[in-house]
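Here are a few short exercises on aromatic rings and the charges that sit over them. Grab your viewer and work through them one at a time.

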Amino acid sequence: MNCLLLFLWILVNEDLVFSSRAPSSSLGRSRAGREHARSSVGPVRNGAARFQRVKRGWVWNQFFVLEEYMGSDPQYVGKLHTDLDRGDSSVKYTLSGDGAGSIFTIDQTTGDIHALRSLDREEKPYYTLRAQAVDIITNIPLEPESEFVIKVQDINDNEPKFLDGPYTASVPEMSPVGTYVTQVTATDADDPTYGNSARVVYSILHGQPYFSVDPKTGVIKTALPNMDREVKEKYQVLIQAKDMGGQLGGLAGTTIVNISLSDVNDNPPRFSKSFFHVRVPESSAVGSAVGRIKAHDLDIGRNAEVEYTIVPGDGGAMFDITTNEHNQEGIIILKRPLDYEGKKIYTFKVEAANAHLDPRFQSFGAFKDTATVKINVLDVDEPPVFNKPSYVMDVYEDTPAGTIIGAVTAQDLDASSSPVRYSIDWKSDLDSNFDIDPVEGTISTNELLDRENIAQHNISIVATKLNSPVLTSRVAVTVHVLDINEFPPELASSYETFVCENAKVGQVIQIFSAKDQDLPSSGQQFSFRTSKDDVKNKNFTIRDFGSKSGIITKRSGFRRRLQEIYFLPVVIDDNGYPPKSSTGTLTIRVCGCELDGSLLTCSAEAIFLPVGLSTGALIAILLCIIILLVIVVLYVGLRRQKKKETLMSSKEDIRDNVIHYDDEGGGEEDTHAFDMGTLRNPKVIKDNLFHRRQWGQRGDPSSAKDVLNVIYCSIYLLNDCI
């Protein structure tokens, strides 16, 4: 009560008094006549006008109006009143703002406010208006304009609505109780702040006992365990949302939730029967499909994918099995040719298993199944079969007509084992160069063949079953016309062969080959041997290495100063028809070599050089020889100069020096001691003197010729010793 008085005291301080009549409260009025309106201008003190504030005489309260009013008269909203209104109709009330005049109207004399039509809170929840009291005669405002609000009071006139419905959801099959499925949401347009008009509660009208819904959140969960998709896949759940907290009289809305169970791999593949019987013709091609079996899986998608395997056994090597990705059938493939006469029945087992297992359901048992497949091979009347896919025959040109060059063989593999007859397809042998025995299958020439004209003939041989001529088979026969051996073989090139002086016994010193002008060069083969006249050769022999041959030493100790060149005859034979042979001669030089067998030199001058010495040693020996020659030349020159001076100093005649003596002569006996002709001929004396001065006396070690001879012999002896 004290709070109410405090509130009224605050309102008295205002200029206008609002009074309203509402279902929830009754508006009181301010004390009438408590304060009368005073003049805006008060008494004058000390000659000055004193302004005094006039208190507002409005009574303030909030206005409410019910929505969806269905009465015949305008709905009463409230009343405006001011303390300046003494009931003599001197005050006029005016209204402006939202809906003034169109929705709301006011009685200008009494201040009563009415709503002219029904209002919807969901369309507009409140209206803001302005009120003013004016003098009815002068139309002068008695109080300042005041603003107030008329609220539309909510009633429960809107049901909850599912804006996103209908819903679609999915949950895995075999899920435990309480597995989340989806969530639904309903909205209510009523005022959530007023009463329970917008308080929504969810419930299931249809779909139990499989699913449940949370009444507050609208979350749908599974209510039954182990729901099996293979039993029932789709569920339709009807969800209701009711306002007023679900109480009686509340409005409700519904929606449909379509729930489907998604597949999991909880079912193994199963064969519809345990035994499959397949018939396969023996003429079936390798790699072809000869049968189909299928294991059914109740699951779908990748959970229903099946892998087939053949259990090792009787037919494992003859057949294979693959999976058809579209319908999951097992396709039996032939791996090897079938032969009815060899084997008529094959039996094996096929295992079907899931490709993708779910470990949660392995406790259910093995996710595989086994079936037996029996394949019966059907006999087919087949054409003859040649024992080779093709034939190649060779014949020499100019071979006499009627010569057999080869044979073909075909046989009937059927149980009847019919005889076979042979013939040549005339389209492949237009010139009738060949003939064939119809029973034996031997091929012979009809005429002389010329390789230069046609080097290769391609003919087709036809084999026909005698008891079924329509069944034939063909085979290609290639006949090569061979060239007659016309040219003898010869050495492939002019070989430059050498043997080292330090060669060992059994050492290969040369590899050589042969060539032949006959064709084809790629298929020629040659053999090598020594000639009969050279069988006793003690120096070298020939060893055959197939298409090539080699020269082998039979001794060691070869010396160039003893023999510098050896000749080795080689007999070469070819494999032509008729065979040809020729004799070639290999020239072998004796050469000086390093210790590792590398060649130094084969020239004759090298005989005088020490073999096996290093380059530095050879240079040192050469320098010594040059120095020795220089010393000899200087020595000879000095001797010649000395003799010349001696002869020039002698002033006597040469004959005086020869024949001057004091002894008595011996007569005619003295003529035998001297060559008197020489003594008497001055020209001979001068010639002898010139030769003496030029070369020196015979046997003199200072002679240049003797010195050179000594040097030469020394070098030769040094080389021979090394």
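**Exercise 1.** Keep in mind that this is a predicted model. Work out whether Phe271 is buried or exposed.

*Solution.* Phe271 has a relative accessible area of 9%. Buried means under 20%, so Phe271 counts as buried. Run the check again for Tyr308: its value is 5%, so Tyr308 is buried too.

**Exercise 2.** Classify the ring pair of Phe540 and Tyr566, then place it along the chain.

*Solution.* Start with the distance: the ring centres are 5.6 Å apart, and pairing needs centres within 6.5 Å. Next comes the angle. The planes sit at 75°, and over 60 degrees counts as edge-to-face, so that's the label for Phe540 and Tyr566. Now place the two: Phe540 belongs to strand S39 (residues 540-544) and Tyr566 to strand S41 (residues 565-574). With their positions 26 residues apart, the pair links distant parts of the chain. Both Phe540 and Tyr566 are buried.

**Exercise 3.** How many aromatic pairs does a search of the whole structure find, and how is the one formed by Phe271 and Tyr308 oriented?

*Solution.* The search turns up 14 aromatic pairs. Phe271 and Tyr308 make a tilted one, at 6.3 Å centre to centre with 50° between the planes. This pair also bridges distant parts of the chain: Phe271 is in strand S18 (residues 270-271) and Tyr308 in strand S21 (residues 306-311), 37 residues apart.

**Exercise 4.** Which ring has the charged end of Arg555 over it?

*Solution.* It's the ring of Phe558, with the charged end 4.0 Å from the ring centre. For Lys124, look to Tyr127: Lys124 lies over that ring's face, 5.4 Å from the centre.

Terms used: Residues numbered from 1 in each chain as written. Predicted model: local features only at pLDDT ≥ 70, side-chain atom pairs only at ≥ 80, totals over all residues. Heavy atoms only, no water. Phe/Tyr/Trp six-rings, centres within 6.5 Å; stacked < 30°, edge-to-face > 60°. Helix = DSSP H or I, 4+ residues; strand = E, 2+ residues; numbered from the N terminus. Buried < 20%, exposed > 50% of the residue type's maximum accessible area, 1.4 Å probe, protein only. Lys NZ or Arg CZ within 6 Å of the ring centre and 35° of its normal.
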